[in-house]
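Here is a short briefing to read alongside the structure. Have a look at the fold and at the ligand first, then follow the points below by topic.

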Amino acid sequence: MIRVIVCGAYGKMGREVLKAIHNDTQLSIVGAVDVKSDFTDIGDLIGAGKTGIIVGNDLQTVINETKPQVMVDFTRPEVVLNNIRIAMKNGVCPVVGTTGLSDKDREEINDLCIQTKVNALIAPNFSIGAILMTKLSQDAAKYFPHVEIIELHHDQKLDAPSGTALHTAELIAKNRGYLEQGHPAEVEKLPGARGGNFSGIRMHSVRLPGYVAHQEVIFGGLGQTLTIRHDSISRESFMPGVVLACKNVLSANGLVYGLEKLLDK
Ligand code: NAD
């Protein structure tokens, strides 16, 4: 059994991860952390009856007490890097779903992997369908270089654009390079109306109650458009990916960025 702790246990994703790991035969939840902890038994969070595993409020203490091998982190953009540092310095492999890590942060994590010889996995999206959407979009950009991305999420999401949208844009840009899109003389009558600009790719973020995580990549060509769309209609969609990551991170080689690296193995 692989010993796992969950950081951000009270969150929307944290609760789902607790449930998925609790139900897996090769993974064992040994601890959980949330800064908002009022020391609840994790069984009460996932409707599984008392387990004797109490949510702590300090990551270092939980690591000392539970000796995990893997830490799953679904917390907040401003705290995730510090959680990763604590985990890795204690020999615990992070599996990170929290978005908002910069290129510089990823460089630091890569250096930490080398220094500590502890592996790490960061996935902007753990849903297999979203990974396929990204991969198909990267391929389509070879033939349809004009593209815009619309991502739609629930209104409590803190970062925009989403990690998945940025990752999709990075991969598309690799295949088509920089391209100035739209009319060269276009004017934004309302600032931001044309969205964010990543390497010439316009990106639009919708935030509304009712959505979970959705993305449309729209390609335009002569007399035609191609739309590649993915919808996560519940947070369960991320769980097979999280479980796969927990099972593979111990035997990975340093930093793995993107779940697709495991799927293609
Ligand atoms: P949420 O706000 O519901 O939960 C975050 C939880 O983290 C809260 O309970 C909060 O108290 C806790 N927290 C904050 N700081 C902490 C710290 N220092 N230590 C421990 N716990 C701490 O958010 P959510 O909807 O569960 O999303 C969490 C993150 O996961 C976001 O960045 C979101 O964008 C990302 N996300 C990623 C994927 C993916 O597939 N990679 C999918 C969905 C969401």
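Welcome to this predicted model. A good place to start is a single pair of residues: Ala120 has Leu255, in β12, as its bridge partner. That pair belongs to strand β6 (residues 120–122), which runs parallel to β12 and is joined to it by 3 bridges. From there we can move out to the sheet of 7 strands, then to the sheet of 5 strands, and on to the helices and the ligand.

**The sheet of 7 strands**

- β6 and β12 sit at one end of the order β3-β2-β1-β4-β5-β6-β12, which describes an open sheet of 7 strands with parallel pairing.
- The edges are held by β3 (55–56) and β12 (255–257); each has a single partner strand, so one side of each lacks a neighbour in the sheet.
- Helix α1 (residues 12–22) lies across three strands of this sheet, namely β1 (2–7), β2 (27–33) and β4 (70–73).
- Relative to β2, α1 runs at about 150 degrees.

**The sheet of 5 strands**

- This open sheet follows the order β8-β9-β7-β10-β11, and its pairing is mixed.
- Its edge strands are β8 and β11 (224–232), each of which pairs on one side only.
- On average, neighbouring strands here are turned by 20 degrees against each other, ignoring direction.
- Helix α6 (residues 128–140) packs on the sheet, where it touches β10 (213–221) and β11, and its direction makes about 160 degrees with that of β11.
- Helix α7 (residues 163–176) lies across β7, β8, β9 and β10, and runs at about 170 degrees to β7.

**How β9 pairs with its neighbours**

- With strand β7 (residues 146–153), strand β9 (residues 201–207) runs parallel, and 6 bridges join the two.
- One of the residue pairs here is Leu152 with Val206, the latter in β9.
- With strand β8 (residues 196–198), β9 pairs in the antiparallel sense over 3 bridges.
- Asn197 has Arg202 as its bridge partner in β9.
- The hairpin of β8 and β9 has 2 residues between the strands, and Ser199 in this hairpin takes a positive phi near 55 degrees.

**Where α1 meets α8**

- α1 packs against helix α8 (residues 239–248) at an angle of about 65 degrees, and the two axes are 10 Å apart.
- The crossing of α1 past α8 is right-handed.
- On the α1 side, the residues that meet α8 are Met13, Glu16, Val17, Ala20 and Ile21.
- Their counterparts in α8 are Met239, Val242, Val243 and Cys246.

**The ligand and its surroundings**

- Which residues come nearest to the ligand? Of the 23 residues around it, they are Met13, Asp34, Thr99, Ala123 and Phe126.
- Met13, which also meets α8, has a polar backbone atom 2.8 Å from an oxygen atom of the ligand.
- Phe126 likewise offers a polar backbone atom, 2.8 Å from an oxygen atom of the ligand.
- For Lys157, the contact involves the side chain: an N or O atom there is 3.0 Å from an oxygen atom of the ligand.
- On its own, the ligand has 870 Å² of accessible area, and the protein covers 85% of that.

Terms used:
Residues numbered from 1 in each chain as written. Predicted model: local features only at pLDDT ≥ 70, side-chain atom pairs only at ≥ 80, totals over all residues. Heavy atoms only, no water. Pairing = 2+ DSSP bridges. Helix = DSSP H or I, 4+ residues; strand = E, 2+ residues; numbered from the N terminus. Contact = heavy atoms within 4.5 Å. Axes fitted to C-alpha atoms, helices over the stretch in contact; angles between N-to-C directions. Near = heavy atom within 4 Å. Polar contact = N/O pair within 3.5 Å; in protein donor to acceptor, adjacent residues only side chain to side chain. Areas by Shrake-Rupley, 256 points an atom, 1.4 Å probe, with all protein chains shown as cover. Left-handed = near helix turned anticlockwise from the far one by under 90°.
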